[in-house]
Amino acid sequence: MKPKAAIKPTPHAKPGKTASPGKVSRARKPTQVPVKRAKTALDAFGEASTNLTDRAYAVVRRLILQRELTGGEVLVEGRLAERLQMSRTPLREALLRLEGEGLLVRANARSYAVRRITASHYFQCLQVRERLESQAVSLSIGHVPADLVQRLRDDILSLDSSQQGSSHWHADDEIHGMFARASGNAMLAETIAHLRVLCRLFEVVDPFNRIEDDRAEHLAILDAYIAGNEKAAEQAVVAHLRNLARYTLSRLSNGLVTELPQ
C-alpha cells in the first residue's frame, strides 16, 4: 500500500497555512472618514415651516392685541388663511399656540374665537398683578443696569398725549416686563406676562388715554428703583395699578366702557 502524497500549499497561500479551496483573497477596504451630512430638502422644508408658523403666530397675536380681531370674533382657519394670505398648516399651528396662551378659545372643532375678558375678570387680574409685580420690582433691585433704566425713563418722557398706540404700549410693556424678567424667578415673570395680556384684551376695547397719568406713575416707579428704595418702588407699582383700576371703574360707571360677557 503506497503512502499518500503530501498536499502542497497553493502559490498564494501564506507559509504554514492551507488556502481554502475556491476562496479568493480580497484587499481590505480603506477606512472611511465620516462626512458631515449636508442639509437636505426635508431639513430646509422643516425650517421654512417653523419660520412660517412663527410669522403667522406674530401676525395673529398682534391683530388680537390691537383689536383688529375683536373679542368673541370667530376665526375660521380657511377664511383667516385667505385673509392673511398664509398657508393653512403654519396658521393652524400658530392658532394652537395662541389657544395655549389663552388668547383664543375653541368655538368648535374647526374654529377658534378671540377670548373675551369681562370687567370683573379684568379687576381680578389687576389685584393679582399688584402682589406679583410689587414682589418682582423688589426682587429686581440692583439687577437692572442703570443705563437701561435711564433710557426707558427718557423714552417715557418723550411720549405725548397723541401716542396712545404702539409707542405707548411698547413703553408700558418695557417697564412692567423689565422688572419681572430681572426678578430671577422665571415663573413669576411668565405669570405676570400672561396677566398683562389678559388685561390688554380688556383695555384695548376702548383706549383709556391715560398717557399723562401713566407717565407720572411710571416715572415714580423708575425713580424709586434708581434710588434703590425697595419699599417706595413696591408702593409705586401698587399705586399705579390701583389708579388704573379706579379709572376703569369710573368709566364703567359712566357707561364709557361696555362690559363684555364671558
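Q: Where in the chain does R67 lie?
A: R67 lies in the loop between helix 1 and strand 1, the strand that spans residues 74-76, and since this is a predicted model, that placement belongs to the prediction.

Q: Is R67 buried or exposed there, and why?
A: R67 counts as buried, because its relative accessibility is 14% and the cut-off for buried is under 20%.

Q: What about its backbone, what is phi of R67 near?
A: Phi of R67 is near 65°, which is a positive value in a residue other than glycine. As background, most residues other than glycine have a negative phi.

Q: Which other residue that is not a glycine has a positive phi?
A: Q85 is one of them, with a positive phi of about 55°, and this residue comes just after helix 2, in the loop that leads from helix 2 to helix 3 (88-101).

Q: Buried or exposed, for Q85?
A: Q85 counts as exposed, because its relative accessibility is 73% and exposed means over 50%.

Q: Staying with helix 2, which of its residues are buried?
A: In helix 2, which runs over residues 77-84, the buried residues are E77, L80, A81 and L84.

Q: Why are they on the same side of helix 2?
A: These buried residues cover an arc of only 100° around the axis, and therefore they sit on the same side of helix 2. In general, an α-helix has 3.6 residues a turn, so residues three or four places apart point the same way.

Q: And which exposed residues are on the face turned away from the buried side of helix 2?
A: That face of helix 2 carries R79 and E82, both of them exposed.

Q: Changing topic, how many cavities of 30 Å³ or more are there?
A: The count comes to four cavities of 30 Å³ or more, and the second largest cavity has a volume of about 70 Å³.

Q: Which residues line the second largest cavity?
A: Its lining is made of E133, A136, I175, H176, F179, A180, I192, I221 and V237, and these residues divide into seven nonpolar, one polar and one charged.

Q: Which helices supply at least two residues each of that lining?
A: Helix 4 (119-139) and helix 6 (166-181) each supply at least two, and the largest share, four residues, comes from helix 6.

Q: What about the loop after helix 6, where is G184 found?
A: G184 is found in the loop between helix 6 and helix 7 (186-203), and because its relative accessibility is 77%, G184 counts as exposed. The C-alpha atoms of G184 and L139 are separated by 7.4 Å, although these two residues are 45 residues apart along the chain.

Q: And H143, what is that in contact with, leaving aside its neighbours within four places?
A: H143 is in contact with A182 and Y225, and the C-alpha atoms of H143 and A182 are 6.1 Å apart in space, while the two residues are 39 residues apart in sequence. H143 has its place in the loop between helix 4 and helix 5 (146-158), where H143 is exposed, with a relative accessible area of 55%.

Q: Last one, what pLDDT does the chain average, and which elements have the lowest and the highest mean?
A: The chain averages a pLDDT of 81, and 73% of the residues score at least 70. Among the elements of the chain, helix 1 (residues 41-65) has the lowest mean pLDDT, 74, and helix 4 has the highest, 96. Over residues 39-48 the pLDDT is below 50, and this stretch has four contacts in the model beyond near neighbours in sequence.

Methods
Residues are numbered from 1 along each chain as its sequence is written. This is a predicted model: local features need pLDDT of at least 70, side-chain atom pairs count only at pLDDT 80 or more; totals for chains, interfaces and linings use all residues. Side-chain values use heavy atoms; hydrogens and water are left out. On a 1 Å grid over the protein atoms alone, a cavity is a set of points where a 1.4 Å probe fits but cannot get out, and a pocket is an open set with protein on both sides within 12 Å along at least five of seven lines; lining residues have an atom within 4 Å of a point. Grid points are joined across faces, edges and corners, and a volume is the space filled by probe spheres set on the points. Ala, Val, Leu, Ile, Met, Phe, Trp, Tyr, Cys and Pro count as nonpolar, Asp, Glu, Lys and Arg as charged, and the others, Gly among them, as polar. pLDDT is the predictor's confidence in each residue, from 0 to 100. Contact means heavy atoms within 4.5 Å. Buried means under 20% relative accessible area, exposed over 50%, partly exposed in between (1.4 Å probe, protein chains only). The arc is that of the directions from the helix axis to the C-beta atoms.
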